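Let's take a friendly walk through a protein model, from its surface to its interior. Keep the structure in view as you read.

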Amino acid sequence: MTDSQPLTTKHTVVVPNSVNMVSLLGPGDEHLGLLESSFDADVHVRGNRITFHGDAAEIALAERLIDELITIIRTGQGVTSETVERAIGMLRQETTERPADVLSLNILSNRGRTIRPKTLNQKRYVDAIDNNTITFGIGPAGTGKTYLAMAKAVQALQAKDVNRIILTRPAVEAGERLGFLPGTLSEKIDPYLRPLYDALHDMVDPESIPKLLAAGTIEVAPLAFMRGRSLNDSFIILDEAQNTSPEQMKMFLTRLGFGSKIVVTGDVTQVDLPSGILSGLRVIEGILSEINDISFNRLTAHDVVRHRLVGKIVEAYDVHSARAESGPVRGTTR
């Protein structure tokens, strides 16, 4: 064997009898197929024994995957092909965090559905919300930055850590001039706040939402309505923060009162502000990055948890933007 050839080995993992092999290998051996296609090793299963033969480093990684999946199964959480793919991705990143710890962290359960982080960056973002008074979640659509923040807000309300939840976003399309729009106040602002209501319906029993809104326990309002207030004992989320000016961002952050948390979410690549107006989210990290108890968290196309094509679309746009910023493509003129 030359130095350039990989070290090959053979190793057998014995799965405990308490673990259901169908749960581990997947319906129709779907998970086993992912295992075979993701690692440079031959995989053979006989009973509860899984034998690997191939590159030593790849076998070690595959064995770690089996261990992580067994740990997840023992928590009572079902393992899906998505779970397997995300666990493999985390192991490839060679981080200190265990995939099982990330994928089995329960934030909130409602009507038989459990909300959990699905990527390493999402787990770090959730941990940052726990450990800081002000947290920024910056990333493209579909990375869960707003959804997870709302889950943490509902969790805090249920635990009585706060007395109310305040959800806000700038109504940029209306230029914040809501008085010029037809209809009642509710009808005017509803289109801009609808995404927040949609997420809320996933986390709170729909029948209770009108009562919580009427009592002020949950408030959903445009950013302009935050001016002049001091918000105590509240969990406050500013969504679509890339559409705030630096002055609006300062106004919002200084609403922070005692016993409150703030989460600011946005995508700096999707600014809808009029030409010439700077995005408050684009400049805020340079202003506040040195202050303790404020955390900035970046999510990427790899953290997109919508349809798998969404992540590929976001990544393709990122590549296109990078090419455009590097200069015009040279070509012949006609």
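**From the surface to the core**

On the surface of this predicted model, Leu309, Ile313 and Tyr317 form a nonpolar patch, and together they have about 330 Å² of accessible area. Leucine 309 belongs to helix H12, which covers residues 308-325. An α-helix has 3.6 residues a turn, so residues three or four places apart point the same way. Leucine 309 counts as partly exposed because its relative accessibility is 42%.

Now step back to the whole chain. The protein chain contains 12 helices and 11 strands. Of its 334 residues, 46% are buried. The chain exposes about 18000 Å², and carbon and sulfur atoms supply 50% of that area. Among contacts with a separation of 6 or more, 70% link residues 24 or more positions apart.

Let's go inside. In soluble globular proteins, nonpolar side chains tend to be buried together. Which residues touch the most other members of the largest nonpolar core? They are Leu24, Leu35, Ile50, Phe52, Leu65 and Ile66, in a core of 33 residues. At least two residues of this core come from each of several elements, including helix H1 (21-25), helix H2 (30-38), strand S3 (49-55) and helix H3 (56-74). The element that gives the most to this core is H3, with nine residues. To see some of these contacts, find leucine 35: leaving aside neighbours within four places in sequence, leucine 35 is in contact with Val43, Phe52, Ala62, Leu65 and Ile66. There is also a second, separate core of 30 residues, with Ala149, Ala153, Phe235 and Ile237 among them.

Another place to explore is helix H10 (residues 246-253), where Gln248, Met249, Met251, Phe252 and Leu253 are buried. The cover over these buried residues includes S6, strand S7 (164-169), strand S9 (234-238), strand S10 (261-266) and helix H11 (280-288).

Strand S6 spans residues 134-138 and holds threonine 135. Is threonine 135 buried or exposed? Threonine 135 counts as buried, because its relative accessibility is 0%. Not counting residues up to four places away in sequence, threonine 135 touches Tyr125, Ala128, Ile129, Ile262, Val263, Val264, Ser295 and Asn297. One of these neighbours, alanine 128, offers its backbone oxygen, which the side chain of threonine 135 reaches at 3.3 Å. Compare the two residues you have now met: leucine 309 is partly exposed, whereas threonine 135 is buried.

Methods: Residues are numbered from 1 along each chain as its sequence is written. This is a predicted model: local features need pLDDT of at least 70, side-chain atom pairs count only at pLDDT 80 or more; totals for chains, interfaces and linings use all residues. Side-chain values use heavy atoms; hydrogens and water are left out. Patches are made of residues with over 30% relative accessible area and no salt bridge: like charges are joined within 9 Å, nonpolar side chains (Val, Leu, Ile, Met, Phe, Trp, Tyr) within 5 Å. Accessible areas come from the Shrake-Rupley method with a 1.4 Å probe; for residues, only the protein chains shown count as cover. A salt bridge is a side-chain nitrogen of Lys or Arg within 4 Å of a carboxyl oxygen of Asp or Glu. Helices (H or I, at least four residues) and strands (E, at least two) are DSSP runs, numbered from the N terminus. Buried means under 20% relative accessible area, exposed over 50%, partly exposed in between (1.4 Å probe, protein chains only). A polar contact is a pair of N or O atoms within 3.5 Å; within protein, one must be able to donate a hydrogen and the other to accept it, and residues adjacent in sequence count only if both atoms are side-chain atoms. Contact means heavy atoms within 4.5 Å. A nonpolar core is a set of buried Ala, Val, Leu, Ile, Met, Phe, Trp, Tyr and Cys residues joined through side-chain atoms within 4.5 Å.
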